[in-house]
Amino acid sequence: MKKLIIVGMLVLAAIGIVGAQSTTQNKDIKVSANVGKNVYIVSVADLSLGSLDVVSGGSATANAVIRSNHTSWTVKVYADKGVLTQWNGTAYVTTTGATTIPYTFTFNSAASVSTEKIVAQPLTTSATGAPTATFTARTTGGATGQTFAYGVNVTGAAGGADWDAAIYQDTIHMVVTAN
């Protein structure tokens with residue numbers, strides 16, 4: 001009986017030792033996130049041609065700052081009128097015979113890749129068929145974005161033909177899109 005009690009105590013001790021042993025278990029935790037395509041215009045500036053010379057015309061330039069975290073994106077440019085139109089301070093002048101002044105638009109003309117620039121193009125009045133620059137890389141410049149030069153040019157009137165004395169305006173719409 002003593003042997004049985006000793007064996008029983010040894011069994012209980014073994015169970016206690018086995019139960020007291022720690023077990024290690026590994027589980028993997030996956031961390032995931034999704035970052036959407038972001039492309040946006042940080043800043044643009046209005047263009048002022050000042051007083052136009054009828055014979056020599058004029059030009060104005062500025063810089064747009066754009067950010068894109070995606071490698072496929074576009075800049076599309078169109079205008080309200082596509083020509084400088086007489087402006088009375090609150091609306092375009094639409095009377096018969098009011099002169100308009102044609103102009104061309106240029107964007108990123110120094111680019112070495114032809115698809116990444118718009119050079120001396122007239123602007124359409126809708127996004128459909130509008131001049132487009134297509135990019136295949138993210139913008140540089142980090143949080144501040146990448147700078148792109150743009151501008152308008154008015155060619156003087158042949159032989160000095162006169163435009164009406166007036167204030168002229170057009171609104172250009174620059175649209176950036178992640179593809």
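**Stop 1: the largest pocket**

Start with the largest pocket, which has a volume of about 670 Å³. You are looking at a predicted model. To find the pocket, select Leu47, Ser48, Leu84, Gln169 and Asp170. Of the 30 residues in the lining, these five lie nearest the centre. Why can a program find such a space at all? Rolling a probe the size of a water molecule over the atoms shows where empty space is left.

Now colour the lining by residue class. It divides into 21 nonpolar, five polar and four charged residues. Which elements give two or more residues to this lining? They are S9, S10 and strand S11, residues 172-178. S9 gives the most, with three residues. Keep S9 in mind for a later stop.

**Stop 2: the whole chain**

Zoom out and switch to a cartoon view. The protein chain has one helix and eleven strands. In which order do they come along the sequence? The pattern is α-β-β-β-β-β-β-β-β-β-β-β. The helix leads, and the strands follow.

Turn on the surface next. The protein chain exposes about 11700 Å². Carbon and sulfur atoms supply 56% of that area. Of the 179 residues, 27% count as buried.

Then think about contacts. Take those between residues at least 6 apart in sequence. How many of them join residues at least 24 apart? The share is 74%.

**Stop 3: strand S9 and its partners**

Select residues 146-154, which form strand S9. Add strand S2, residues 58-68. The two run antiparallel, and nine bridges join them. For one pair to look at, pick Ser59, which stands opposite Asn153 in S9.

Next, add strand S6, residues 104-107. S6 also pairs with S9 in the antiparallel sense, over four bridges. Click on Thr106 here: its bridge partner in S9 is Gly151.

What holds paired strands together? Strands of a sheet pair through backbone hydrogen bonds, either parallel or antiparallel.

**Stop 4: a sheet of three strands**

Now show S5, S4 and S10. They make an open sheet in the order S5-S4-S10, with antiparallel pairing. Which strands lie at the edges? They are S5, at 100-102, and S10, at 168-169. Each of these pairs on one side only.

Zoom in on S4, residues 83-86. S4 and S10 pair over two bridges, in the antiparallel sense. Pick Gln86 and look across to its bridge partner in S10, Tyr168. S10 is also one of the elements you met in the pocket lining.

**Stop 5: two backbone angles**

End with the backbone angle phi. Most residues other than glycine have a negative phi, and most peptide bonds are trans.

Select Asn108. Where does it sit? Asn108 is in the loop between S6 and strand S7, which spans 118-121. Its phi is near 55°, a positive value in a residue other than glycine. Is Asn108 buried or exposed? Asn108 counts as buried because its relative accessibility is 14%, and the cut-off for buried is under 20%.

Move on to Ala120, in strand S7. Ala120 is not a glycine either, yet has a positive phi of about 45°. Why does Ala120 count as partly exposed? Its relative accessibility is 41%, and partly exposed covers values between the 20% limit for buried and the 50% limit for exposed.

How values were computed
Residues are numbered from 1 along each chain as its sequence is written. This is a predicted model: local features need pLDDT of at least 70, side-chain atom pairs count only at pLDDT 80 or more; totals for chains, interfaces and linings use all residues. Side-chain values use heavy atoms; hydrogens and water are left out. Buried means under 20% relative accessible area, exposed over 50%, partly exposed in between (1.4 Å probe, protein chains only). Contact means heavy atoms within 4.5 Å. Accessible areas come from the Shrake-Rupley method with a 1.4 Å probe; for residues, only the protein chains shown count as cover. Two strands pair if DSSP finds at least two bridges between them. On a 1 Å grid over the protein atoms alone, a cavity is a set of points where a 1.4 Å probe fits but cannot get out, and a pocket is an open set with protein on both sides within 12 Å along at least five of seven lines; lining residues have an atom within 4 Å of a point. Grid points are joined across faces, edges and corners, and a volume is the space filled by probe spheres set on the points. Ala, Val, Leu, Ile, Met, Phe, Trp, Tyr, Cys and Pro count as nonpolar, Asp, Glu, Lys and Arg as charged, and the others, Gly among them, as polar.
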